[in-house]
Amino acid sequence: MTAPTKNGPPAPRSTAEQAAHSADAVPLHTPVIAWFEANARDLPWRHPEAGAWGVMISEFMLQQTPVSRVLPVYEQWLARWPRPADLAAEAPGEAVRAWGRLGYPRRALRLHGAAVAITERHGGEVPTDHAELLALPGVGEYTAAAVASFAFGQRHAVLDTNVRRVLARAVTGVRYPPNATTAAERRLAAALLPEEEGTAARWAAASMELGALVCTARNESCHRCPIAARCAWRQAGKPEHDGPPRRGQTYAGTDRQVRGKLLAVLRAAEGPVAQAALDAVWDEPVQRGRALDGLVADGLVEPLEDGMYRLPG
DNA sequence: GATTCGTGGTG
DNA sequence: TCACCAAGAAT
C-alpha cells in the first residue's frame, strides 16, 4: 500500500491528507467523541427503542430537511407504522399524505417502496448489510452508511454535508467543501475512520453532530469546538470561500413550487379531486400542466378515468 | 457531472 | 428583503 518505488505513480496526496495520517498525534476522533458524549442532542431516533426502522425513517426525513421540522412527523410515522410491514400494507398515497410539508415528497414514496422491499426481500427486518441497504429505493451512499453505522454500530465512513464541512475546515483548511463529493473527500474520510467498529460508529455520529451544532455553515462557534486548536481553516485565518459560488436554489415561480401547490390540495382532500380544484392553484396553464404531468410520472398523483385526480392508491 | 426535486427558518 | 441553508437521491 505504501511501497513508493514500483509500478505506477503513487496516488496524489495533499499535505492535509498526509497530516491526517501522522501517527504520533492524538487522533482527531478522540476529542470529538468526548465532546459528543457531553453535548449530543437527545433525539428520538437515537433511543434504543427507535430500532433500525426508526433510524431509517429519520434518515429519509432528514435528507435536506432540518431536525426541528422532522421531529413531529417522525413521531407520527413511527407510532402509526411501527414496523416496515405496517407501512408496506398501506397505499403509497397514505405515505405521501402523512409526509405533510416536509418537502421532496418523492422521499415518502421511496420510503414506502423501501418498506415493501424490506417486507418482501428481508422478512420485514431492516437489512444490516450495506450493499442490501444501498439496493433499497431512496437509499444512497450516505443513508446506507448512516443506517449501518447508527442502527447496527458498523464501521462506515458517513459523509454527509456536516461531516464534509468539518473535514473541509479542520483538515483541508477551507471554509466549504466542494459542491459535489469528491474522491479526495472519500479518501480523507476513510483515512480518518477509527479502526475499532464501535469507535468508528461514534465518530460518525459525533463528527456529524459537531457540524450540526458548532461547525455550522454560517456563524460557526469555534470557541465551543473541541478541535479548534488544531483546525487548519482557523489556523489559516479562516479565509473566505474562493471556489465557484455555492449554487443557490431559486424557488418562486418554478415547477417545484407549482408541484408543491398541486400536491398540497391533494393531501388536504379526503378523496379524489376535480381538475378545476387543481387549476385554481396556478394560473399559467402550460406550466401547471407540466407540473401535474410530472407528479403523475413520478407516481405521486394518480389520474382517474373520470378526469379526477388522487394520491396513489 | 450538472439538474431536478419542497418547504420553511434565518441573518 | 432575499439569498442561503437544511443528516441526499436519482437521472
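In the predicted model, a polar side-chain atom of Arg218 is placed 3.3 Å from a base oxygen of DNA strand C. Helix H9 (141-150) and helix H10 (161-172) are the elements that contribute two or more residues to the surface near this strand. Two further contacts involve the backbone of the nucleic acid: an N or O atom in the side chain of Thr143 lies 2.5 Å from a phosphate oxygen of DNA strand C, and a polar side-chain atom of Gln64 is found 3.1 Å from a phosphate oxygen.

In total, 28 residues surround DNA strand C, the closest being Trp45, Leu62, Gly138, Thr143 and Arg246. Of the strand atoms that come within 4 Å of the protein, 65% belong to sugar and phosphate. The surface near the strand comprises 10 nonpolar, 9 polar and 9 charged residues.

The count of salt bridges is 17. One of them joins the side chains of Arg46 and Glu209, with an N to O distance of 2.8 Å. This pair spans 163 residues, from the loop between helix H2 (29-39) and helix H3 (51-61) to helix H12 (residues 197-213). Arg46 is partly exposed at 35% relative accessibility, whereas Glu209 is buried at 1%.

A salt bridge of 2.9 Å (N to O) also connects Arg80 and Glu94. Because Arg80 lies in helix H4 (residues 67-80) and Glu94 in helix H6 (residues 92-99), the pair ties together parts that are 14 residues apart in sequence. Both residues are partly exposed, Arg80 with a relative accessible area of 39% and Glu94 with 23%.

Methods
Residues are numbered from 1 along each chain as its sequence is written. Chains are lettered from A and ligands numbered from 1 in the order in which they are written. This is a predicted model: local features need pLDDT of at least 70, side-chain atom pairs count only at pLDDT 80 or more; totals for chains, interfaces and linings use all residues. Side-chain values use heavy atoms; hydrogens and water are left out. A residue is near a molecule or strand if one of its heavy atoms lies within 4 Å of it. A polar contact is a pair of N or O atoms within 3.5 Å; within protein, one must be able to donate a hydrogen and the other to accept it, and residues adjacent in sequence count only if both atoms are side-chain atoms. Helices (H or I, at least four residues) and strands (E, at least two) are DSSP runs, numbered from the N terminus. Ala, Val, Leu, Ile, Met, Phe, Trp, Tyr, Cys and Pro count as nonpolar, Asp, Glu, Lys and Arg as charged, and the others, Gly among them, as polar. A salt bridge is a side-chain nitrogen of Lys or Arg within 4 Å of a carboxyl oxygen of Asp or Glu. Buried means under 20% relative accessible area, exposed over 50%, partly exposed in between (1.4 Å probe, protein chains only).
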